[in-house]
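Dear colleague,

Please find below the sequence and structure that I am handing over to you. My notes on what was found follow directly after them.

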Amino acid sequence: MTRRTKKVLMTGRFGTRYGATLRKRVKTIELKSRSKFRCPICRVKAVKRKSSGIWECQKCGHVMTGGAWVLETAEGKRSKRILRK
Ligand SMILES: [Zn+2]
């Protein structure tokens with residue numbers, strides 16, 4: 001497991017490497033991945049990221065696939081549109 005530091009949040013594991021801008025970018029993405037998203041089945045904001053690309057609703061237990069970091073990516077929306085045709 002990775003060690004955690006409270007002050008710089010999850011980017012603390014990088015130490016001073018990779019530059020401040022890059023670490024900040026990682027932080028925003030990782031915070032996003034930890035936040036909850038709206039479930040398309042029960043419409044409750046209870047979908048949590050299980051692992052990369054796999055999301056589970058804590059309310060109804062529905063498991064769905066999505067983006068690696070956010071539930072619905074711009075890429076995913078595009079492919080859904082294509083599938084519907
Ligand atoms: Zn649900």
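Lysine 45 is located in strand β2. Please bear in mind throughout that the model is a predicted one. With a relative accessibility of 53%, lysine 45 counts as exposed, because the cut-off for that class is over 50%. If neighbours within four places in sequence are set aside, lysine 45 is in contact with Lys36, Phe37 and Arg38. Lysine 45 is also 12 residues away from cysteine 57 in sequence, and the C-alpha atoms of the two are 8.2 Å apart in space.

Cysteine 57 leads to the metal site. Which residues hold the zinc ion? The zinc ion is coordinated by the SG atoms of Cys39, Cys42, Cys57 and Cys60, at 2.3 Å. Along the chain, these donors follow the spacing C-x2-C-x14-C-x2-C. The angles that the four donor atoms subtend around the zinc ion run from 105 to 116 degrees, and the arrangement is therefore tetrahedral. For comparison, the ideal angle for four tetrahedral donors at a metal is 109.5 degrees.

Are cysteine 57 and cysteine 60 buried or exposed? Cysteine 57 has a relative accessibility of 2% and so counts as buried. Cysteine 60, at 38%, counts as partly exposed.

Arginine 43 lies in the loop between β1 and β2, the latter covering residues 45-51. Its phi is positive, at about 60 degrees, although arginine 43 is not a glycine. This residue is exposed, with a relative accessible area of 66%.

Turning to the chain as a whole, the protein chain contains two helices and four strands. Read from the N terminus, its elements run α-β-β-β-β-α. The protein chain has 85 residues, of which 20% count as buried. If one takes the contacts between residues at least 6 apart in sequence, 12% of them join residues at least 24 apart.

Two further buried residues deserve a mention. The first to consider is glutamate 30, which is placed in helix α1, residues 20-34. Its relative accessible area is 10%, so glutamate 30 is buried, the limit being under 20%. Apart from neighbours within four places in sequence, glutamate 30 is in contact with Met10 and Arg13.

The other is valine 70, found in the loop between β4 and α2. At 17% relative accessibility, valine 70 also counts as buried. Its contacts, again leaving aside neighbours within four places in sequence, are with Lys32, Phe37 and Trp55. The C-alpha atoms of valine 70 and arginine 34 are separated by 8.9 Å, and these two residues are 36 apart along the chain.

Finally, I turn to the pockets. What is the volume of the largest pocket? The largest pocket has a volume of about 290 Å³. Its lining consists of 14 residues, and Pro40, Met64, Leu71, Glu72 and Lys80 are those nearest its centre. At least two lining residues come from each of β1 (37-38), β4 (63-65) and α2 (74-84). By character, the residues of the lining divide into five nonpolar, five polar and four charged.

Yours sincerely,
A colleague

Terms used. Residues numbered from 1 in each chain as written. Predicted model: local features only at pLDDT ≥ 70, side-chain atom pairs only at ≥ 80, totals over all residues. Heavy atoms only, no water. Donors = N, O, S within 2.8 Å, 3.2 Å for Na, K, Ca; no water. Tetrahedral: all angles 85-135°; square planar, octahedral: opposite > 155°, others 65-115°. Buried < 20%, exposed > 50% of the residue type's maximum accessible area, 1.4 Å probe, protein only. 1 Å grid on protein atoms, 1.4 Å probe; cavity = no way out; pocket = protein on both sides within 12 Å on 5 of 7 lines; lining within 4 Å. Points joined across faces, edges and corners; volume = space filled by probe spheres on them. Nonpolar A, V, L, I, M, F, W, Y, C, P; charged D, E, K, R; others polar. Contact = heavy atoms within 4.5 Å.
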